[in-house]
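Good morning, and thank you for coming. I should like to take you through one chain, moving from its strands and sheets to its domains and its ligand.

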Amino acid sequence: MLVPVPHTHPTQVPLPPGYRLAELDDATDRDAMREIDRWAFAFESSPEDDQVDVWALEPARSVGVWFDGPRGTMLAAMHSSYAFRVQVPGGQRVPAAGLTWVGVHPGHRRRGLSRTMLHAHLRRSRDRGEVLSVLYAAESGIYGRYGYGIASHRASLTLGRGADLRPVPGSEELLVELDTFDVARHGAELEQVHGSAVRPGWITRDTEALRRLHVLDWPSARKGAERRRIAFVRDAAGEPRGYALLRRTEKWSDENRPEGVVKIHDVLALDAAAARALWATLLDLDLMGTVEVRNLAPDDAVLGLLTDLRGTNRKIHDDVWVRILDLPAALRLRSYPCAVDVVLDVSDPLVPDNHGRWHVRGGPEGVEVSRTEAPAHLAIGVADLGSAYLGGTTLSALHAAGRVTELVPGSLVPAAAALGWPVAPSTGWGF
Ligand SMILES: CC(=O)SCCNC(=O)CCNC(=O)[C@H](O)C(C)(C)COP(=O)(O)OP(=O)(O)OC[C@H]1O[C@@H](n2cnc3c(N)ncnc32)[C@H](O)[C@@H]1OP(=O)(O)O
């Protein structure tokens, strides 16, 4: 079914002849969407994978570009989004469009298809009342031009077996239970723990399909590893206080020493004792030599528990990118750790409603955000404001890189303190 998507955005670039932007139907266009996904991301699924596959895209949120060519009509590009609620500093969960499945057939790339889709995405998300759009970027160079900035980071670590952890009172009384993961038996408790985390950038998986997708155990992805296991850490009443999804791979050295690898897909603990108990188990599994984890918050408890960080091969990667769609709402909905009184001159060529000078005034109890003609203290682009929004990247760091201009001397540091946040933003899972 082809529902034309109107081109009304002021900066809309017309598509080349033969191409049409249209809403995609979740049922009738599904095969074409899967085909574009395979072409764009260069993968093939096995018949065993297809049996466990989950369709998590949500109805009425996919838009594609059809090509009417000499050999008929084909889908040349698509994108979709999830209706997320993203936690912002202070704990509110704000409506956000989680952009996903952006893909252009390699035979139709660099003709502006993606640009046209992204402009439509920004407009449609705003029309739905979404305050932010968030994404994981396949490549760093794609999304800055649309006003997205890196708003959180994730850490990857490789730990040797038996890495020493500081003691935490109460951790010895907690029970760690290991089981083969089964979504029917473990899914609800896993999401209960996940949904209790207090951290900017945190995105709960609010549909059954997203919950299943997160724990999907692709047979082809095992590559000789065991099936997925789960470790739950529980208090004396049996309540889960943390979990880790993991799998082990057997490996032996030439001298027959055990050098197995534990790969952690997802790990979360709600307090220090739970983190200590969980990591003590993960770091002491028999026949394992190393433990690898790739999606920790940059201030995850394990970094403070380890007595020696050297040799952990710690790396930092970009996590979620944020695009502010409704600037006054976004700035009002987050909290501020201290008083703020600043005029920001925000440049946003794609969303004129965001563009211009904004007075942000208030403090921890709340802020007023209003348009103003008053001279600005700081000038910033909307992508850089997106980077600062969750509190993980300071305005000072952006200023040091020439990405914020201090127009009134002395205004940068107080504004940077007010837009910062004491808990590092992180999402911890990909979509
Ligand atoms: C949130 C997610 O889903 S991330 C997944 C993104 N998808 C992929 O990486 C899959 C493989 N790649 C693709 O499908 C496509 O090449 C896309 C989506 C990256 C780009 O689509 P295209 O239709 O070729 O892009 P389009 O022609 O609209 O280009 C718009 C601009 O982006 C630039 N651009 C396009 N791709 C890239 C890239 N990979 N890196 C840097 N810049 C890029 C173009 O040069 C152009 O620049 P300009 O503003 O200076 O003119």
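Let me begin with a hairpin: β17 and β18 form it, with two residues between them. Please bear in mind throughout that this is a predicted model. The two strands of that hairpin run antiparallel and are joined by six bridges. One pairing to look for is Gly362, whose bridge partner in β18 is Val367.

The hairpin belongs to a wider sheet. Five strands make up this open sheet, in the order β18-β17-β16-β19-β20, and their pairing is mixed. Which strands stand at the edges? They are β18, residues 366–371, and β20, residues 404–406; each has a single partner strand, so one side of each is left without a neighbour in the sheet. From one strand to the next, the twist averages 25 degrees.

Further into the sheet, β17 (residues 356–363) also pairs with β16 (residues 340–347); these two run antiparallel and share seven bridges. Within that pairing, Val343 is found opposite His359 of β17. Two helices deserve mention here. Helix α9, residues 382–389, packs on the sheet and touches β16, β19 (378–381) and β20, with a direction about 95 degrees from that of β19. Helix α11, residues 412–419, lies across β16, β19 and β20, and runs at about 95 degrees to β16.

I turn now to another sheet. This one is open as well and has seven strands with mixed pairing, ordered β9-β10-β11-β12-β13-β8-β14. At its edges stand β9 (175–180) and β14 (315–318); because each has a single partner strand, one side of each lacks a neighbour in the sheet. Here the twist averages 25 degrees from one strand to the next.

As an example of the pairing, take β8, residues 153–160, and β13, residues 288–296: they pair in the antiparallel sense over five bridges. Thr158 has Glu292 of β13 as its bridge partner. How do the helices lie on this sheet? Helix α4 (residues 183–195) packs on it, touching β9, β10 (229–234), β11 (240–249) and β12 (260–269), and its direction makes about 120 degrees with that of β11. Helix α6 (residues 272–282) also packs on the sheet, touching β9, β10, β11, β12 and β13, but its direction makes about 15 degrees with that of β11.

Next, the strands towards the start of the chain. Strand β4, residues 72–87, is joined to β5 by ten bridges, and the two run antiparallel. Tyr82 stands opposite Gly98 in β5. These strands also form a hairpin, with five residues between them, and Gly90 in the turn has a positive phi of about 105 degrees. Strand β5 has a further link, to β6 (residues 132–135), by three bridges in the parallel sense. There, Ala96 is opposite Leu132 in β6.

Strand β5 brings us to the ligand. Which element gives the largest share of the shell around the ligand? That element is β5, with six residues. The shell counts 23 residues, and those that come nearest are Val102, Arg109, Ser114, Ala138 and Gly141. The elements that give two or more residues are α1 (30–41), β5 (93–104) and α3 (113–127). By class, the shell divides into twelve nonpolar, five polar and six charged residues.

Let me now step back to the domains. The domain assignment of the chain gives domain 1 as 3–130, domain 2 as 154–317 and domain 3 as 327–419. The centres of domain 1 and domain 3, taken over C-alpha atoms, are separated by 31 Å. How many residues of each are in contact? Eight residues of domain 1 meet nine residues of domain 3. The side of domain 1 that touches domain 3 has five nonpolar and three polar residues, and no charged ones.

Finally, the chain as a whole. Its secondary structure comes to eleven helices and 20 strands. The radius of gyration is 23 Å, close to the 22 Å that the globule rule gives for 431 residues, so the chain is as compact as a globular protein of that length. Along its principal axes, the C-alpha trace spans about 65 × 65 × 40 Å.

How values were computed: Residues are numbered from 1 along each chain as its sequence is written. This is a predicted model: local features need pLDDT of at least 70, side-chain atom pairs count only at pLDDT 80 or more; totals for chains, interfaces and linings use all residues. Two strands pair if DSSP finds at least two bridges between them. Helices (H or I, at least four residues) and strands (E, at least two) are DSSP runs, numbered from the N terminus. Axes are lines fitted to C-alpha atoms, for helices over the stretch in contact, and angles run from 0 to 180 degrees between N-to-C directions. Two residues are in contact if their C-beta atoms, placed from the backbone, lie within 7 Å. Domain bounds come from an automatic or database domain assignment. Ala, Val, Leu, Ile, Met, Phe, Trp, Tyr, Cys and Pro count as nonpolar, Asp, Glu, Lys and Arg as charged, and the others, Gly among them, as polar. A residue is near a molecule or strand if its C-beta atom, placed from the backbone, lies within 6 Å of it. The radius of gyration is taken over C-alpha atoms; the globule rule is 2.2 Å times the number of residues to the power 0.38.
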